[in-house]
Amino acid sequence: MERIDKTEELIAHLARVVDDLSEIVARQESQIARLERRVEMLSQREAERELEAGGGIPLADQRPPHW
């Protein structure tokens with residue numbers, strides 16, 4: 001009977017940990033999506049600034065010199 005109690009206690013603990021991790025992953029997914037949108041917006045702004053400054057190809061779209 002003691003083994004069953006310990007097993008049930010362990011399962012309850014693991015279920016709580018899984019729920020906690022699930023919440024963390026969901027929060028991180030939301031944060032990543034928000035950050036991706038922000039990076040895209042900033043990249044577009046910088047490309048527009050470079051074009052307004054009379055540059056040719058925006059720096060973000062240029063290949064690195066080693067290519």
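Modeller: Helices here are DSSP runs of H or I with at least four residues, and strands are runs of E with at least two. Keep in mind that this is a predicted model.

Biologist: How many helices and strands does the chain have?

Modeller: The count is one helix and zero strands. Helix α1 covers residues 2-52.

Biologist: How far apart are the end C-alpha atoms of α1, and what span should its residues give?

Modeller: The expected span uses 1.5 Å a residue, which for the 51 residues of α1 comes to 75 Å. The C-alpha atoms at the two ends lie 75 Å apart, so the two values agree.

Biologist: What residue with a positive phi follows α1?

Modeller: That is Gly-54, with phi near 95°.

Biologist: Next, burial. What share of the 67 residues counts as buried?

Modeller: A residue is called buried under 20% relative accessible area. In this chain 4% of the residues meet that cut-off. The chain exposes about 6,500 Å², and 56% of that area comes from carbon and sulfur atoms.

Biologist: Which residues form a nonpolar patch on the surface?

Modeller: Val-17, Leu-21 and Ile-24 do, and together they have about 210 Å² of accessible area. Take Ile-24 as an example: this residue is in helix α1, and its relative accessibility of 32% makes it partly exposed.

Biologist: Now the charged side chains. How many salt bridges does a search of the whole structure find?

Modeller: The general idea is that side chains of opposite charge can pair when their charged atoms come close. The search of this structure finds two salt bridges.

Biologist: Which side chain meets Glu-2 in a salt bridge?

Modeller: The partner is Lys-6, with 3.6 Å from N to O. The cut-off is 4 Å, so this pair qualifies. Glu-2 and Lys-6 are four residues apart in α1, which means about one helical turn separates them. Glu-2 is exposed at 55% relative accessible area, and Lys-6 is exposed at 53%.

Biologist: And which side chain pairs with Arg-49 in a salt bridge?

Modeller: Glu-46 does, at 3.9 Å from N to O. These two are three residues apart in α1, again a separation of about one helical turn.

Biologist: Are Arg-49 and Glu-46 exposed or partly exposed?

Modeller: Arg-49 is exposed, with 53% relative accessibility, whereas Glu-46 is partly exposed, at 37%. The line between those classes is 50%.

Conventions:
Residues are numbered from 1 along each chain as its sequence is written. This is a predicted model: local features need pLDDT of at least 70, side-chain atom pairs count only at pLDDT 80 or more; totals for chains, interfaces and linings use all residues. Side-chain values use heavy atoms; hydrogens and water are left out. Buried means under 20% relative accessible area, exposed over 50%, partly exposed in between (1.4 Å probe, protein chains only). Accessible areas come from the Shrake-Rupley method with a 1.4 Å probe; for residues, only the protein chains shown count as cover. Patches are made of residues with over 30% relative accessible area and no salt bridge: like charges are joined within 9 Å, nonpolar side chains (Val, Leu, Ile, Met, Phe, Trp, Tyr) within 5 Å. The expected span of a helix is 1.5 Å times one less than its number of residues.
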